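Hi,

Here is the structure I said I would pass on. Have a look at it first, and my notes follow underneath.

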Amino acid sequence: MSRRSGILEFAVLGLLRESPMHGYELRKRLNTSLGIFRAFSYGTLYPCLKTLVASGWLIEEPGSTPDLPPVAGRGVAPTSSLTGRRAKIVYRLTAEGKEHFEELLSHTGPDAWEDEHFAARFAFFGQTERDVRMRVLEGRRSRLEERLEKMRASLARTRERLDDYTLELQRHGMESVEREVRWLNELIESERSGRDQRRSSPEGSAQHDTSGETGGLPRHRDNTRPDPSDDTK
């Protein structure tokens, strides 16, 4: 299984854990909620769904047919057999699929720190244990700090041989990585603060800590959460 197809399967399982959907709804959610999947097409999504069904992680169920106008003079809508329209197939997560997704959520290895996989993991942080979130965030920060160090070393070696535009592009790339590191620092600090508050709270100490009601997102001054895709930090 390629890494990209594995990320798609992870995202599909995560979305279906929220509610059953048909293929078009899934593709729309992948495009709008998880922007990294904008390049995916129906030709990629449906083989993925078939694979998950064959694995026993999803089941296919007939959905309702689209509402159609009544036949003139009868007041009865034509059936799908008369119109040739088929009911949409709805995909539902099985108990085994839910268990498999929860196992994937618990993974904190290097794959979870890479660019596309991290974006998919972050999209489901609301369903992820707090300690797992912390390990993924710290791993991602460590990976970016290593990348930043290499970029700085490379720039120092080649600065004199680069023209102004290439040099500016290198600086832009470094600034983007630095910005994400600062964002990760804020998230990690927020996760730590939330964990410490729960430990010191008499009520919170008796509760089981799963995803957390507020998650690890730092609050803006207007008490809203920042958009993870916001590149202005």
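Let me start with two rings: Phe 10 and Phe 124 are both buried. Keep in mind that this is a predicted model. The two rings sit with their centres 5.6 Å apart and their planes at 90°, so this is an edge-to-face pair. Phe 10 belongs to helix α1, while Phe 124 is in the loop between α6 (115-123) and α7 (130-158), so the pair ties together parts that are 114 residues apart in sequence.

How many aromatic pairs turn up in the whole structure? The search gives 6. Another of them is Phe 122 with Phe 125, a tilted pair with 5.1 Å from centre to centre and 40° between the planes. Phe 122 has a relative accessible area of 12%, under the 20% cut-off, so Phe 122 is buried. Phe 125 comes out at 8% relative accessibility and therefore counts as buried too. Ring pairs also join Phe 118, Phe 122, Phe 125 and Trp 183 into a cluster.

Now the nonpolar cores. The largest one has 23 residues, and the members that touch the most others are Val 12, Leu 16, Leu 26, Leu 30, Leu 58 and Phe 124. So Phe 124, the edge-to-face partner of Phe 10, shows up here again. Which elements give two or more residues to this core? They are α1 (3-18), α2 (23-32), α3 (42-54), β3 (89-93) and α5 (95-105). Helix α1 supplies the largest share, with 8 residues.

Val 12 is a handy place to zoom in. Setting aside neighbours within four places in sequence, Val 12 contacts Leu 26, Leu 30, Leu 45, Cys 48, Leu 49, Leu 52 and Leu 58. Apart from this core there is another one, of 20 residues, including Val 136, Leu 144, Leu 148 and Leu 187.

Last, the sheet. It is open and has 3 strands in the order β1-β3-β2, with antiparallel pairing. β1 (21-22) and β2 (58-62) are the edge strands, each pairing on one side only. Between β2 and β3 the antiparallel pairing runs over 5 bridges. And where does Leu 58 find its bridge partner? In β3, at Leu 93. Leu 58 is thus worth a click from both sides: it is in contact with Val 12, and it bridges to Leu 93.

Cheers

Notes
Residues numbered from 1 in each chain as written. Predicted model: local features only at pLDDT ≥ 70, side-chain atom pairs only at ≥ 80, totals over all residues. Heavy atoms only, no water. Core = buried A, V, L, I, M, F, W, Y, C linked by side-chain atoms within 4.5 Å. Buried < 20%, exposed > 50% of the residue type's maximum accessible area, 1.4 Å probe, protein only. Helix = DSSP H or I, 4+ residues; strand = E, 2+ residues; numbered from the N terminus. Contact = heavy atoms within 4.5 Å. Pairing = 2+ DSSP bridges. Phe/Tyr/Trp six-rings, centres within 6.5 Å; stacked < 30°, edge-to-face > 60°.
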